[in-house]
Amino acid sequence: MTKQQKHLSRERENPDPHEKNNPIPIAVLAVVVSLFAWAVYYIVTTQHDDDPTLGDRRTLATLQGKPKGATASANGAELYAANCVACHQATGTGIPGAFPPLAGSEWVLGDEKVLANILLHGVTGKLTVKQSEYNGAMPTFKGKLDDNEIAATLSYVRSNFGNSAGPVTADIVKSERDQSKERTTPWNGDDDLSKLKH
Ligand code: HEC
């Protein structure tokens, strides 16, 4: 092999491969940068103290748990929603012919002692509310709600649904509860309740 031939054979070889300088496409880069910018903007502008009821129905009080024996803070709105709404409805208007209204009811706005007794023992038989007669069964809450809770619920119904009567105290509920300790049956509508009025 002559010197000339050696040179030619080397010439035929391919050059060594080398990596090309291949940058990220502009479009991909733009998407990444704008997503990052949006993320930063979102974190900076998001309010972390949003009203929890918007997404998570739990309140701060629920999450912290109720301190023991803290029924003094009984929440009338919550108690109403849990115990009364199924029959008397969220608007307190009841259902005509079946459940009497609490809105504008003479029983709700009237003597708070009678009202406490309605909740303590329940009512059956003929009951007149806003000139309509009902003949249903209002359950007793004697064993279910304590004095504070009944007072809070009654104060709530007396000051909502367009009602504006004063609050009912736990003391009144307690004294009515004590006075009617013997009772094991619901009041018999208008007949019994009219006798209760002092
Ligand atoms: C199972 C259905 C039901 C539930 C639950 C219920 N009630 Fe009643 N309530 C009635 C019925 C029915 C009457 C009418 C009773 C009758 O006709 O003798 C009534 C009557 C009343 C009355 C007297 C009449 C009037 O409309 O003002 C009040 C006050 C009252 N309920 C308040 C409450 C409150 C407060 C709660 C929740 C703690 C509650 N009720 C839960 C069915 C219910």
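**Exercise 1. Find Gln89 in this predicted model and work out what its backbone is doing: which loop holds Gln89, and is Gln89 buried or exposed, or partly exposed?**

Step 1. Start with the place: Gln89 sits in the loop between α5 and α6.

Step 2. Look at the backbone. Gln89 isn't a glycine, yet it has a positive phi of about 70°. Keep in mind that most residues other than glycine have a negative phi.

Step 3. Check the surroundings. Gln89 has a relative accessible area of 24%, so it counts as partly exposed.

**Exercise 2. Now try Gln131: where is Gln131 found, and what is its relative accessible area?**

Step 1. Go to the loop between β2 and β3 (132-134), and there you'll find Gln131.

Step 2. Its phi is positive too, at about 65°, although Gln131 is not a glycine.

Step 3. The relative accessible area of Gln131 is 79%, and the cut-off for exposed is over 50%, so Gln131 is exposed.

**Exercise 3. Describe the ligand's surroundings: which residues come nearest to the ligand, and which elements give two or more residues to its shell?**

Step 1. Pick the site. The ligand takes up the space of the largest pocket.

Step 2. Add the elements around it. Those giving two or more residues to the shell are α5 (85-88), α6 (106-109), α7 (112-121), β1 (123-124), β2 (127-129) and β4 (137-138). The top contributor is α7, with three residues.

Step 3. List the closest neighbours. There are 28 residues around the ligand, and Cys84, Cys87, His88, Ser105 and Met138 come nearest.

Step 4. Sort the shell by chemistry: 20 residues are nonpolar, eight are polar and none is charged.

Step 5. Go through the polar contacts to oxygen atoms of the ligand. From Ser105, a polar side-chain atom lies 2.5 Å from a ligand oxygen. Pro101 uses a polar backbone atom, 2.6 Å from a ligand oxygen. Asn135 also uses a polar backbone atom, here 3.5 Å from a ligand oxygen.

**Exercise 4. Take apart the largest nonpolar core: which residues touch the most other members, and which helix gives the most to this core?**

Step 1. Find the best-connected members. Among the 22 residues of the core, Tyr80, Leu102, Ile150, Leu154, Val157, Phe161 and Val173 touch the most other members.

Step 2. Assign the helices. At least two residues each come from α4 (76-83), α7, α8 (147-158) and α9 (170-179).

Step 3. Name the main supplier: α8 gives the most, with five residues.

Note on methods. Residues are numbered from 1 along each chain as its sequence is written. This is a predicted model: local features need pLDDT of at least 70, side-chain atom pairs count only at pLDDT 80 or more; totals for chains, interfaces and linings use all residues. Side-chain values use heavy atoms; hydrogens and water are left out. A residue is near a molecule or strand if one of its heavy atoms lies within 4 Å of it. A polar contact is a pair of N or O atoms within 3.5 Å; within protein, one must be able to donate a hydrogen and the other to accept it, and residues adjacent in sequence count only if both atoms are side-chain atoms. On a 1 Å grid over the protein atoms alone, a cavity is a set of points where a 1.4 Å probe fits but cannot get out, and a pocket is an open set with protein on both sides within 12 Å along at least five of seven lines; lining residues have an atom within 4 Å of a point. A molecule sits in a cavity or pocket if more than half of its atoms lie within 2 Å of its grid points. Helices (H or I, at least four residues) and strands (E, at least two) are DSSP runs, numbered from the N terminus. Ala, Val, Leu, Ile, Met, Phe, Trp, Tyr, Cys and Pro count as nonpolar, Asp, Glu, Lys and Arg as charged, and the others, Gly among them, as polar. A nonpolar core is a set of buried Ala, Val, Leu, Ile, Met, Phe, Trp, Tyr and Cys residues joined through side-chain atoms within 4.5 Å. Buried means under 20% relative accessible area, exposed over 50%, partly exposed in between (1.4 Å probe, protein chains only).
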